[in-house]
Amino acid sequence: MTEHVADSHDLIRVVGARENNLKDISVDIPKRRLTAFTGVSGSGKSSLVFSTIAAESQRLINETYSAFVQGFMPNLARPEVDVLDGLTTAIIVDQERMGSNPRSTVGTATDANAMLRILYSRLAKPHAGPPTAYSFNVPKRTASGSMTTDKGAGEKKVVVKQVYAGGMCPRCEGMGSVTDFDLTALYDDSKSLNEGALTIPGYSMEGWYGRIYRGCGYFDPDKPIKKFTKKELHDLLHREPTKIKIEGINLTYSGIIPQIQKSFLSKDVDAMQPHIRAFVERAITFTTCPECGGTRLSQEALASKINGKNIADLCSMQISDLADWIRKLKAPSVAPLLESLADTLDSFVSIGLGYLSLDRPAGTLSGGEAQRTKMIRHLGSSLTDVTYVFDEPTIGLHPHDIQRMNELLVQLRDKGNTVLVVEHKPEAIVIADHVIDLGPGAGSDGGEVVFEGTVDKLRTSGTLTGRHLDDRAALKSELRTATGVLEVRGADTHNLRNVDVDVPLGVLVVVTGVAGSGKSSLIHGSIASRDGVVTVDQSPIRGSRRSNPATYTGMLEPIRKAFAKQNGVKPALFSANSEGACPACNGAGVIYTELGVMATVEAPCEECEGRRFQASVLEYTLGGRNIAEVLAMPVAEAVEFFADGEAKTPAAHKILERLADVGLGYLKLGQPLTTLSGGERQRLKLATQMADKGDVYILDEPTTGLHLADVDNLLGLLDRLVDSGKSVIVIEHHQAVMAHADWIIDLGPGAGHDGGKVVFEGTPAKLIKSPKTLTGKHLADYVQ
């Protein structure tokens, strides 16, 4: 049978990609296969996969919508590439934490809750109503009105009362907790509003709030708050949103408390800026809603049960137990629904998330957990011939769980999809049908394709990835001796079961165990809050496109001062956010042109040619370089530049050395933080916080985003930290880090309620000798 011409388009063709550091590269990617993209951190993998292939696919899809809809979508510019052929719809499954909406739970983020609601609306007794009656996001609404009906001889008027059933608890509005405000933290009652009585961040009398409170007429802004009448105080604190006119402008007046609930409390506490979070923690106490007991549901929904359990009981069960419960439920009328629900719950278990419950708030999931939760949504999808793009799906996974993740990726491919995976772990690279290795180095030394082909050919290719693919770690011959211990007694955060453990000090301790076994609960719950402990986690760095490594680490300050001293001018001239900024682009280096419903166009500023500074500032030099040239230097070059000679700046040199130590030698000092990968951000935080006066360092999976060749550098850095007298505790799954440890604490034996116990504590050699735990077995296989 001759091949149909439509079946001949079996490649995604990329020609001349120049996004970020890519050097005009061209690759062919096979469709309906699993392709792994490898290379050192910063070699251009994400630039090729996310910024070129996935970005163009999304842009082309967005262009199919009407101009009106496009106005509400992110504006995507065409990537820097000559030809992109054979693209299919791209679905990006990244490690971004899931939305910080407090209403979002694991159940609502997947289809599990929707299916449970249908199940309850069919089978539960007493019947509460349609599926919406079991949803904590839908309030109960009542509407009434009159209606005219034509009936033969004449019209007849009927009055209709309609009730729309919703399951939201009316007291806490489906949040599960009620808020109590400490009024003394909102205002100082001895002052008037004009004297600055309000102590809420952003509520100054100079801004819009000032205009509204002064002009609303509900109270006198010059009268101290303690002299307000009951009505005036109610208007200030609790008045519902009311339309008012001030100085000819239509505005909405809202009492302070509804306004705070709308602006601050609609977000997850963890997603707030630090000063707002500090205010919220000081001013507001969250208590479990007394009416629904934290279940978020109305009394009618809670009273409606199947086999003695209401929908809240099911959502609070561990998913692996819930899957068993659903399988035992016999109801022929909803058999297809039960099967679909059980399959969804089983995929949670098979992906290693069986320890979660459906009512777990989505904002509390780690990056790896969030990525796997998103994966479940796609596994059940009916779509085929789609390109799925994964960003290091093995992050946060124990070697035991990586095996399961691999099976799921293969399952997605076998449904007829193209799967593109950016990956560093050899266990995940070996299942690929095709490998594209980028390099040879990072930053400006990368951006080239150094290998394309099968995994077997990669092994013999001689590239950095090929040489390190079969690396195995050896145990250390000499172990350090502990100088003391941190005692943890009766730890019971989350799933921990009254854990007692002594964490040795003055050595390198690795805390490990399968995902969900209680590692983070033990370390963050019992150790992180103690004095002298510095925690470096993976939460994203908050920074605008104006922030860069020089500003974030505080290095720009001494550099500016050195420039100012050398040239006898003010330091502010050497800041692109201050007096030295190019007037045309305000120091951004690019001009953004908003084109309404079309994509925002970003073009280099013609006046400063992207250098961000006024021409007059660039005439001042230090060691023969101007400030723009210094910010364009990679860290490795800057280390030498600031070490001696005219440009000698010890304060900057110290920070630069730490950046080089954590493997960021290729980063440019002025590179926007928004362009850094997750692993790069964590290492940037580590370099910054190494200067803190802590005695104990906690690192949460520092190998994230690190190439096999860079893991050795990281281990050297950890050794230097310990040898300088610090205690280092690493939460980690990477076997090379475990083998390098002086002491291992292994939690388990499983995840969720099957975990939460210390199953081993001791040296790596002892763990390998009698490998009874999952970690022990995998480490014994790894160390040869």
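Which side chains meet in a salt bridge at 3.1 Å, N to O, one of them being Glu637?

**Solution.** The partner of Glu637 is Arg625. A salt bridge here is a side-chain nitrogen of Lys or Arg within 4 Å of a carboxyl oxygen of Asp or Glu. Next, place the two ends: Arg625 lies in the loop between strand E21 (601–604) and helix H21 (627–631), and Glu637 lies in helix H22 (residues 635–641), so the pair ties together parts that are 12 residues apart in sequence. Helices (H or I, at least four residues) and strands (E, at least two) are DSSP runs, numbered from the N terminus. Finally, Arg625 is partly exposed at 28% relative accessible area, and Glu637 is partly exposed at 35%. Buried means under 20% relative accessible area, exposed over 50%, and partly exposed in between (1.4 Å probe, protein chains only).

Before going on, a word on the model: it is predicted, local features need pLDDT of at least 70, side-chain atom pairs count only at pLDDT 80 or more, and totals for chains, interfaces and linings use all residues. Residues are numbered from 1 along each chain as its sequence is written, and side-chain values use heavy atoms, with hydrogens and water left out.

**Exercise 2.** Find the salt-bridge partner of Asp723 and place both residues.

**Solution.** Start from Asp723: its salt bridge is with Arg480, and the closest N and O atoms are 3.1 Å apart. Asp723 belongs to helix H25 (residues 708–723), while Arg480 sits in the loop between helix H17 (464–468) and strand E16 (484–491), so the pair ties together parts that are 243 residues apart in sequence. Now check the surface: Asp723 is exposed at 57% relative accessible area, whereas Arg480 is partly exposed at 24%. Then widen the view, and you will find Lys476, Arg480, Asp719, Asp723 and Asp742 linked in a network of salt bridges.

**Exercise 3.** Count the salt bridges, then describe the one between Asp346 and Arg327.

**Solution.** The structure holds 34 salt bridges. In one of them the side chains of Asp346 and Arg327 meet at 2.2 Å, N to O. Asp346 is in helix H12 (residues 335–350) and Arg327 in helix H11 (residues 319–328), so this pair ties together parts that are 19 residues apart in sequence. Both ends are partly exposed, Asp346 at 27% and Arg327 at 41%.

**Exercise 4.** Trace the aromatic cluster that includes Tyr203 and Phe228.

**Solution.** Begin with the total: there are 12 aromatic pairs in the structure. Rings of Phe, Tyr and Trp (its six-membered ring) pair if their centres lie within 6.5 Å; planes under 30 degrees apart count as stacked, over 60 as edge-to-face and the rest as tilted. Tyr203 and Tyr209 have ring centres 4.0 Å apart and planes at 5 degrees, so they are stacked. Tyr203 is buried at 4% relative accessibility, but Tyr209 is partly exposed at 24%. Phe219 and Phe228 are also stacked, with centres 5.4 Å apart and planes at 25 degrees, and both are buried. Ring pairs link these four with Tyr213, Tyr218 and Tyr253 into a cluster.

**Exercise 5.** Which residues does Asp235 touch, not counting those up to four places away in sequence?

**Solution.** First locate Asp235 in helix H6 (residues 230–237), where Asp235 is buried at 3% relative accessibility. With contact meaning heavy atoms within 4.5 Å, Asp235 touches Tyr218, Phe219, Tyr253 and Gly255.
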